[in-house]
Amino acid sequence: MLNIWWVWVAAGFALAILEVFAPGFLFAGFAVGAVITGALMGLALPGTDWMGASPINALLVFAVVSVIAWLAM
């Protein structure tokens with residue numbers, strides 16, 4: 001499961017490109033959340049191996065980081 005980190009990063013970049021065409025910060029928080037989730041999975045830092053155990057764990061991290069990023073923007 002850890003070898004799909006690039007899918008999260010690619011989705012983040014796709015959302016960032018989509019943000020250029022949409023007014024406001026609609027997709028920017030999701031883009032940041034996807035890139036950070038992919039980076040955490042790709043770097044395989046100690047203590048983050050639980051993220052790759054189930055897709056639901058990665059989705060939970062994505063949701064939390066996206067909401068924080070969206071509120072910060």
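Which element of the chain has the lowest mean pLDDT, and which the highest? In this predicted model, the lowest value belongs to helix α3, residues 55–72, with a mean of 90. Helix α1, which covers residues 5–21, takes the top spot with a mean of 92. Taken over the whole chain, the mean pLDDT is 85, and 88% of the residues score 70 or more. A word of caution fits here: where pLDDT is low, the predicted coordinates should not be read in detail.

The overall layout is quick to describe. The chain holds three helices and zero strands, and reading along the sequence gives the pattern α-α-α. Of the 73 residues in the chain, 30% are buried. As for the surface, the chain exposes about 4600 Å², and 83% of that area comes from carbon and sulfur atoms. Contacts tell a bit about how the chain comes together: taking those between residues at least 6 apart in sequence, 60% join residues at least 24 apart.

Next come the aromatic rings. How many aromatic pairs does a search of the whole structure find? The search turns up two. One of them is made by Trp8 and Phe62, whose rings sit 5.3 Å apart, centre to centre. Their planes are at 45° to each other, so the pair goes down as tilted, given that this label covers angles between stacked (under 30 degrees) and edge-to-face (over 60). Trp8 belongs to helix α1 and Phe62 to helix α3, so this pair links distant parts of the chain, 54 residues apart. Are these two residues buried or exposed? Trp8 has a relative accessibility of 15% and so counts as buried. Phe62, at 18%, also counts as buried, because the cut-off for that label is under 20%.

Phe62 has another partner as well. With Phe30 it forms a tilted aromatic pair, with 6.3 Å between the ring centres and 35° between the planes. Phe30 lies in helix α2, residues 28–43, and Phe62 in helix α3, so this pair ties together parts that are 32 residues apart in sequence. Phe30 counts as partly exposed, because its relative accessibility is 39%, whereas Phe62 counts as buried.

Put together, Trp8, Phe30 and Phe62 make up one aromatic cluster. Phe62 takes part in both the pair with Trp8 and the pair with Phe30. Through these pairs, helix α3 is linked to helix α1 and to helix α2.

Note on methods:
Residues are numbered from 1 along each chain as its sequence is written. This is a predicted model: local features need pLDDT of at least 70, side-chain atom pairs count only at pLDDT 80 or more; totals for chains, interfaces and linings use all residues. Side-chain values use heavy atoms; hydrogens and water are left out. Helices (H or I, at least four residues) and strands (E, at least two) are DSSP runs, numbered from the N terminus. Buried means under 20% relative accessible area, exposed over 50%, partly exposed in between (1.4 Å probe, protein chains only). Contact means heavy atoms within 4.5 Å. Accessible areas come from the Shrake-Rupley method with a 1.4 Å probe; for residues, only the protein chains shown count as cover. pLDDT is the predictor's confidence in each residue, from 0 to 100. Rings of Phe, Tyr and Trp (its six-membered ring) pair if their centres lie within 6.5 Å; planes under 30 degrees apart count as stacked, over 60 as edge-to-face and the rest as tilted.
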